Amino acid sequence: MIALEVSLGERSYLIHIGSGGIADAKLWRRHICGRQVLVLSNATVAPLYLDTLLDGLHGLAHASVILEDGEQFKTFDNIARILDALARLGANRDATLIALGGGVIGDMGGFAAACWVRGIAFVQMPTTLLAMVESSVGGKTGVNLPEGKNLVGAFHHPAAVLADLDSLGTLPEVDLVAGLAEVVKVGFTS
């Protein structure tokens with residue numbers, strides 16, 4: 001596992017890249033603030049990794065929200081579900097939200113974390129190549145409106161990003177190609 005630092009002064013964070021990261025609770029638990037954790041995932045990713053992640057949360061108050069998979073579910077109705085779950089958990093300013101999934105989950109998790117009591121910590125655990133190289137870094141969050149994508153959002157940097165390369169083995173080829181295209185684009189523009 002390698003770690004890269006995004007240097008932003010007080011808002012600096014680490015990006016961990018390697019295999020086995022989701023199962024390595026010792027690695028990611030150090031980025032959890034407080035004793036309350038909400039895990040956000042989707043119906044595609046949760047059956048693959050959620051139980052492993054929840055096993056690492058022993059001793060903490062935790063809950064999970066599982067959304068349907070897809071860009072069409074990046075809505076305020078689902079943001080309300082996430083915020084309701086934080087309320088039921090009794091999440092305070094020291095709570096942490098973990099976004100376990102692709103870019104949609106990361107965007108919505110970051111937005112909900114930015115909104116809850118004016119900002120709580122969140123940890124990005126991207127499970128697609130596109131999310132690993134683009135949406136999980138930089139602090140961009142967002143929600144779609146019928147009028148367009150990401151019309152509502154906030155910049156809210158994660159406490160950490162954990163890119164577990166093992167999750168790429170479950171991706172359909174079209175998602176790998178989309179991620180590789182982003183890698184090439186970033187390479188050309190850097």
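**Figure 1. The whole chain, with six helices and nine strands.** Welcome to the overview: this is a predicted model, and its protein chain holds six helices and nine strands. The radius of gyration is 15 Å, close to the 16 Å that the globule rule gives for 190 residues, so the chain is as compact as a globular protein of that length. If you are setting up a frame for the view, the C-alpha atoms fill a box of roughly 45 × 40 × 35 Å along the principal axes.

**Figure 2. Contacts and surface of the protein chain.** Of the contacts with a separation of 6 or more, 74% join residues that are 24 or more positions apart. Buried residues make up 47% of the 190 residues. Turning to the outside, the accessible surface comes to about 9200 Å², and carbon and sulfur atoms account for 57% of that surface.

**Figure 3. A nonpolar surface patch made by Leu-130, Val-133, Leu-180 and Val-183.** Here we zoom in on four side chains that together make a nonpolar patch of about 280 Å². Two elements each give two or more residues to this patch: helix H5, covering 129–135, and helix H6, covering 173–189. To find your way around, you can start from Val-183, which is placed in helix H6. Val-183 has 37% relative accessibility and therefore counts as partly exposed, because that class lies between the 20% limit for buried and the 50% limit for exposed.

**Figure 4. Arg-118, a loop residue with a positive phi.** Most residues other than glycine have a negative phi. With that in mind, have a look at Arg-118, whose phi is positive at about 65° although this residue is not a glycine. Arg-118 is found in the loop that runs between helix H4 (103–115) and strand E6 (121–126). The relative accessible area of Arg-118 is 78%, so this arginine is exposed.

**Figure 5. Asn-150, a strand residue with a positive phi.** Our last close-up shows another residue other than glycine with a positive phi: for Asn-150 the value is near 55°. Asn-150 lies in strand E8, which spans residues 148–152, whereas Arg-118 is found in a loop. How is Asn-150 classed at its relative accessibility of 37%? Asn-150 counts as partly exposed, while Arg-118 is exposed.

Key. Residues numbered from 1 in each chain as written. Predicted model: local features only at pLDDT ≥ 70, side-chain atom pairs only at ≥ 80, totals over all residues. Heavy atoms only, no water. Patch = residues over 30% accessible without salt bridge, like charges linked within 9 Å, V, L, I, M, F, W, Y side chains within 5 Å. Areas by Shrake-Rupley, 256 points an atom, 1.4 Å probe, with all protein chains shown as cover. Helix = DSSP H or I, 4+ residues; strand = E, 2+ residues; numbered from the N terminus. Buried < 20%, exposed > 50% of the residue type's maximum accessible area, 1.4 Å probe, protein only. Rg over C-alpha atoms; globule rule 2.2 N^0.38 Å. Contact = heavy atoms within 4.5 Å.
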